[in-house]
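Biologist: I would like to take one residue at the start of a chain and look at it closely. Please begin with its surroundings and then work outward to the rest of the model.

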Amino acid sequence: MAAIDVSGVIKQFGDVTALQNLDLTVEEGEVFGFLGPNGAGKSTTIDILLDHVRPTAGSARVFGMDAHDQTVAVRELTGVLPEGYGTLGQMKGRTHVEFALEAKGARGDPDALLDRVGLDGVGHRQATDYSKGMKQRLMLAMALAGEPDLLILDEPTTGLDPNGARTMRKIVQEEADRGATVFFSSHILEQVEAVCDRVGILNQGHLAAVDTIDGLREAAGATGQVRVTMEVVPEELVGTIEGLDGVTSVSIADSTLTAGCENRAKGEIVHRCYQSGTIENVETSEASLEDLFVSYTGGGA
Amino acid sequence: MSWLAVAKKDFKDSLRARTIWAISAVFILLSVVIAYIYGSFPEEMANGAATGEGLVFFLASNITLFVSLTALVIAYKSVAGERESGSLKILLSLPHTRRDVLIGKIVGRASVLAIPVVIALAIGGAVGSALIGDVAVQALAALLAVSLFFTFAYVSVIVGLSAMTGSTTRASILTIGFFVLFEFLWGIISIGIVFVSNGFNLPQEAAAYPDWIFVVNQVPPSGAYTTFLYALVPSRTGSAAEIDAFYGTPWIGAVVLLFWLVVPAVIGYWRFSKADL
């Protein structure tokens with residue numbers, strides 16, 4: 001059974017179509033990255049899973065349960081880190097976590113959850129006085145309450161410093177190891193790339209691509225780059241390298257030759273450069289997912 | 001019993017709001033002053049015959065304005081404001097139903113408002129009774145019960161109205177509109193109805209007014225509150241006693257308060273349950 005099964009969902013807000021016939025399946029135990037530029041419909045999709053918003057057409061199921069008719073059962077199995085930096089109200093940080101545990105009917109140590117998200121020692125303070133990053137950590141602690149089978153994280157790293165983002169990645173990994181399904185929405189590619197098994201790219205209300213990170217990278221075509229900096233780049237070298245198998249593009253800027261190529265061609269390129277002059281530096285890189293993302297979303301990222 | 005968790009949260013949350021305690025302090029002080037005046041100047045206040053029951057009706061006059069105004073202040077944003085800020089999504093990401101949230105907010109906020117009501121009645125009742133030298137235990141208990149019922153009904157109306165919209169601006173228009181219509185304009189509307197039904201002419205004397213206008217006058221929660229109080233203090237007779245019809249009973253006040261307790265909240269829930277947050 002799929003953890004999330006969205007089928008043919010259309011959502012219109014007045015004249016605006018937020019989702020156009022969205023189909024999406026997330027398997028149990030998977031860490032799924034839900035990528036898309038702002039306004040692509042990521043939050044609307046999550047809102048439909050949680051019954052905050054009702055689809056105009058189509059259906060959404062979580063662990064086989066209808067997201068609207070069985071919403072309380074769905075939310076009993078789900079931990080949610082909502083978008084934004086809100087709090088529940090004028091309560092201490094620790095009380096927030098206690099409230100989540102109580103709502104889930106779960107036993108658990110609120111202090112341990114606060115520790116886990118890096119809020120140890122501040123649980124007695126009013127949550128409304130927390131910084132943005134702290135509020136987001138607090139919401140994560142509430143999401144983790146009661147060991148949910150599904151974790152929905154809506155833009156979980158936007159308010160976090162690099163340290164917090166690292167904690168977030170670690171927790172996502174731990175939750176996945178425990179067997180939880182993680183649904184991770186973001187407009188920041190690196191965050192998703194670091195933790196997700198599969199990625200779906202949402203653009204203008206429909207899914208533009210779904211694949212593993214490697215799969216997407218392959219689909220990107222030119223799979224890598226090699227940049228060779230030489231004392232002097234001989235003119236004729238460009239033609240030589242362009243003729244090599246697996247090379248898609250060659251350019252020279254200052255004394256650096258840049259070749260877009262498949263990984264297997266990189267050695268031959270460096271070898272030819274070595275034969276024709278003095279190499280000062282060699283850099284290689286994977287194809288940029290950013291480029292891929294941009295190509296799928298029309299530069300909207 | 002998920003509404004209970006929401007109610008407890010909302011209760012603690014509202015306790016922290018300073019506005020309510022500022023208004024409450026004024027109200028409690030006013031209740032004591034009223035009790036003091038009634039007990040100290042029986043000649044002017046009760047034609048020389050101040051009684052414990054008279055005191056009860058004197059104290060009641062102070063309740064309606066305070067409860068209606070404070071309910072408005074503490075509850076008009078209760079649902080609409082949280083929808084606007086998005087904090088309702090946090091609450092509803094947990095396994096609470098929207099019905100639990102609505103009931104929890106009504107019970108939580110009404111309980112907060114009940115605190116100054118109980119304090120004011122306790123102190124006012126004690127001061128007044130001591131000055132008069134007469135304790136009308138049953139009437140004081142009736143005053144407390146009816147006042148708490150009124151408090152819950154009024155908060156329920158305001159929360160129900162707040163649940164009908166996702167905008168704080170519209171919520172404030174709805175709730176202030178309700179307050180103005182039923183607390184200020186209703187008397188004029190009532191007279192207007194008599195005027196129209198009497199062929200665009202006002203009857204010359206009060207006795208010539210139709211009996212059913214009594215029912216119209218019970219529509220505002222405050223009117224129903226006072227009438228209901230007469231039902232529980234039988235030694236006093238309100239205007240219901242002058243009416244010879246099946247509705248000529250002070251219990252109509254209880255029916256009307258029950259209506260206000262339930263109907264706006266049900267309509268608010270109906271709208272809220274269908275809304276996109």
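How many other C-beta atoms lie within 10 Å of Ala2(A), and is the residue buried or partly exposed?

Modeller: The model is predicted, and what follows describes that model. Ala2(A) has 16 other C-beta atoms within 10 Å, and it is partly exposed. A residue needs 20 or more such atoms to count as buried and 12 or fewer to count as exposed, so the 16 around Ala2(A) put it in between.

Ala2(A) belongs to strand E1 of chain A, which covers residues 2-13. Leaving aside neighbours within four places in sequence, Ala2(A) is in contact with Thr25(A), Val26(A), Glu27(A) and Glu28(A). One of these, Val26(A), is 24 residues away along the chain, yet its C-alpha atom is 5.9 Å from that of Ala2(A). Chain A as a whole shows contacts of this kind: among its contacts with a separation of 6 or more, 68% join residues 24 or more positions apart.

It helps to set this residue against its chain. Chain A has 301 residues, of which 43% are buried. The chain contains eleven helices and 14 strands. Its C-alpha atoms fill a box of roughly 70 × 45 × 35 Å along the principal axes.

For a contrast with Ala2(A), take Ala100(A), which lies in helix H3 of chain A. Ala100(A) counts as buried because it has 28 C-beta neighbours inside 10 Å. Beyond its neighbours within four places in sequence, Ala100(A) is in contact with Met142(A) and Ala145(A) of chain A, and also with Leu94(B) of chain B. The C-alpha atoms of Ala100(A) and Ala143(A) are 7.8 Å apart, although 43 residues separate the two in sequence.

The contact with Leu94(B) leads to the second chain. At the interface, 21 residues of chain A are in contact with 19 residues of chain B. On the chain B side, helix H1 (2-15) and helix H6 (87-91) each supply at least two residues. By class, that side consists of seven nonpolar, six polar and six charged residues.

Helix H1 of chain B has 14 residues and reaches 20 Å from its first C-alpha to its last, close to the 20 Å expected at 1.5 Å a residue. Its buried residues are Trp3(B), Val6(B), Ala7(B), Lys9(B), Asp10(B) and Ser14(B). Viewed down the axis of H1(B), these residues fall within an arc of 165 degrees, so they line one face of the helix. The elements covering them include helix H3 (93-104) of chain A, as well as helices H2 (18-40), H4 (52-75) and H7 (98-132) of chain B. Another helix of chain B, H8 (137-162), has 19 of its 26 residues buried, so the rest of the structure largely encloses it. The end C-alpha atoms of H8(B) are 37 Å apart, which agrees with the 38 Å that 26 residues should span at 1.5 Å a residue.

Back in chain A, there is an open sheet to look at. Four strands form it in the order E12-E13-E11-E14, with antiparallel pairing. Strands E12 (247-253) and E14 (279-286) stand at the edges with a single partner strand each, so one side of each has no neighbour in the sheet. Neighbouring strands are turned by 15 degrees against each other on average, direction ignored.

The pairs can be followed one by one. E12(A) is joined to E13(A), residues 256-261, by six bridges, and in this part Ile252(A) stands opposite Leu257(A). E13(A) also pairs with E11(A) over six bridges, where Gly224(A) faces Cys261(A) as its opposite residue. On to E14(A), E11(A) has seven bridges. There, Gly224(A) has Glu286(A) as its bridge partner, while Arg227(A) has Glu283(A).

Cover varies within this sheet. E11(A) has a covered face made up of Gly224(A), Val226(A), Val228(A) and Met230(A), and an uncovered face made up of Gln225(A), Arg227(A) and Thr229(A). E14(A) is hardly covered, with zero buried residues among its eight. Helix H10 of chain A, residues 266-276, lies across E11, E12, E13 and E14, and it runs at about 15 degrees to E11(A).

Conventions:
Residues numbered from 1 in each chain as written. Chains lettered and ligands numbered in written order. Predicted model: local features only at pLDDT ≥ 70, side-chain atom pairs only at ≥ 80, totals over all residues. Contact = placed C-beta atoms within 7 Å. Nonpolar A, V, L, I, M, F, W, Y, C, P; charged D, E, K, R; others polar. Pairing = 2+ DSSP bridges. Axes fitted to C-alpha atoms, helices over the stretch in contact; angles between N-to-C directions. Expected span 1.5 Å × (residues − 1). Arc of directions from axis to C-beta.
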